[in-house]
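I opened the notebook with the model on screen. My plan was to look up the fold, the ligand site and the aromatic pairs.

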Amino acid sequence: MAARVSEWLDERLGWRKVWEAIFLRKVPKTNWYYTLGSAALFLAVNQIVTGILLTIYYVPTPDHAYDSVQFITGQVPAGWLIRGLHHWGASAMVILVGLHMLRVIVHGSYKYPREVTWFTGVFLLLAVIGFGFTGYLLPWDQKAFWATIVGTRIAAVTPLIGDWILRVMRGGDELSAVTLARFFGVHVWVLPAALLSLILVHLYLVIRIGISALPKRGE
Ligand code: HEM
């Protein structure tokens, strides 16, 4: 029965070819360092799932943001776990993406024909850092507030357009409700859309080109 259903679906969707291309493709001899990209991918899924769950109770306004985070941690069933997974997952993701990038550098996997895979990776790294920066403000506690004051001031030392960048980031001259709304919007809409599109292209290229073999002496 199951075989007939899968045959019926394959005739119409051609899913077997897609399955074979993704999961049954040939890979060269690899080692554990090659799993770092997949580990980052796993964490990206963790961040998306736990992030969506957090938005059920989180309120992005100066009046309620702090209390809503306290409520999530103290009152919501398993809220502490969901928040913890999201909080520590964020740090783990930065570390894993950094290590994945390092393995790509050490193996020379950024070279022809994987230049575009590398470029999408650079934007993925920027997206991950952007998630960290915008997410840090959301609990709206003292640490979040002052870290964002410092972070936006650092951006303000950019030559010529520094003041403009500061005002775009803060939504004015000072940190306010507008800043919180802006950071929240970027954190839950702009960056996830960018991350998912970039991951799609990144993985398409990894599958299309195939994974690079370990470099040999003299190569
Ligand atoms: C959210 C972040 C990222 C995810 C989820 C991700 C995911 C992956 C996966 C699953 C692979 C295949 C397995 C592997 O080589 O580990 C891969 C390969 C690759 N990644 Fe990433 N990656 C990310 C960030 C980056 C960054 C920051 C760079 C570099 C700037 C990068 C450059 C590459 C390159 C060049 C390959 C091809 C490696 C080869 O063919 O040997 N990636 N990535």
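The entries below follow the order in which I looked things up.

**Entry 1: the chain**

I noted at the start that this is a predicted model. I then looked up the secondary structure. The protein chain has nine helices and zero strands. Read along the sequence, I get the pattern α-α-α-α-α-α-α-α-α. Along the principal axes, the C-alpha atoms fill a box of roughly 55 × 55 × 30 Å. I also looked up burial. Of the 219 residues in the protein chain, 32% are buried.

**Entry 2: the iron**

Which residues coordinate the iron atom of the ligand? I found His100 and His202, each through NE2, at 2.1 Å. I checked where these two sit. Histidine 100 is in helix H5 and histidine 202 is in helix H9. They are 102 residues apart, so the pair links distant parts of the chain.

Next came the geometry. Six donor atoms surround the iron atom, and they subtend angles of 87 to 179°. I recorded the arrangement as octahedral because of these angles.

Are the two histidines buried or exposed? Histidine 202 is buried, with a relative accessible area of 14%. Histidine 100 has 21% relative accessibility and so counts as partly exposed. The cut-off for buried is under 20%.

**Entry 3: the shell around the ligand**

I listed the surroundings of the ligand next. There are 25 residues around the ligand. His100, Arg103, Arg114, His202 and Ser212 come nearest. By residue type, the shell divides into 14 nonpolar, nine polar and two charged.

I then looked up polar atoms close to ligand atoms. A polar side-chain atom of arginine 103 lies 2.5 Å from an oxygen atom of the ligand. For tyrosine 34 the atom is a backbone N or O, and it lies 2.9 Å from an oxygen atom of the ligand. In the side chain of histidine 202, an N or O atom is 2.8 Å from a nitrogen atom of the ligand.

Which elements give two or more residues to this shell? I wrote down helix H3 (36-54), helix H5 (79-106), helix H6 (115-137) and helix H9 (177-209).

**Entry 4: aromatic pairs**

I searched the whole structure for aromatic pairs and got seven. I looked at two of them in detail.

The first was tryptophan 19 with phenylalanine 23. Their ring centres are 4.6 Å apart. Their planes are at 50°, so I logged the pair as tilted. Both residues belong to helix H2 (residues 15-23). They are four residues apart there, which means a separation of about one helical turn. Tryptophan 19 is partly exposed at 46% relative accessible area. Phenylalanine 23, at 54%, counts as exposed.

The second was tyrosine 57 with phenylalanine 71. The ring centres lie 5.8 Å apart, and the planes are at 55°, so this pair is tilted too. Where do the two residues sit? Tyrosine 57 lies in the loop between H3 and helix H4 (65-74), and phenylalanine 71 lies in helix H4. The pair therefore ties together parts that are 14 residues apart in sequence. Tyrosine 57 is partly exposed, with a relative accessible area of 38%. Phenylalanine 71 has 38% relative accessibility and counts as partly exposed.

One last note went in on clustering. Trp140, Phe145 and Trp146 form one aromatic cluster.

Definitions and conventions
Residues are numbered from 1 along each chain as its sequence is written. This is a predicted model: local features need pLDDT of at least 70, side-chain atom pairs count only at pLDDT 80 or more; totals for chains, interfaces and linings use all residues. Side-chain values use heavy atoms; hydrogens and water are left out. A residue is near a molecule or strand if one of its heavy atoms lies within 4 Å of it. A polar contact is a pair of N or O atoms within 3.5 Å; within protein, one must be able to donate a hydrogen and the other to accept it, and residues adjacent in sequence count only if both atoms are side-chain atoms. Ala, Val, Leu, Ile, Met, Phe, Trp, Tyr, Cys and Pro count as nonpolar, Asp, Glu, Lys and Arg as charged, and the others, Gly among them, as polar. Donors are N, O and S atoms within 2.8 Å of the metal (3.2 Å for Na, K and Ca); water is not among the atoms, so sites may look incomplete. Four donors count as tetrahedral if all angles lie between 85 and 135 degrees; four count as square planar and six as octahedral if opposite donors are over 155 degrees apart and all others between 65 and 115; anything else is irregular. Buried means under 20% relative accessible area, exposed over 50%, partly exposed in between (1.4 Å probe, protein chains only). Rings of Phe, Tyr and Trp (its six-membered ring) pair if their centres lie within 6.5 Å; planes under 30 degrees apart count as stacked, over 60 as edge-to-face and the rest as tilted.
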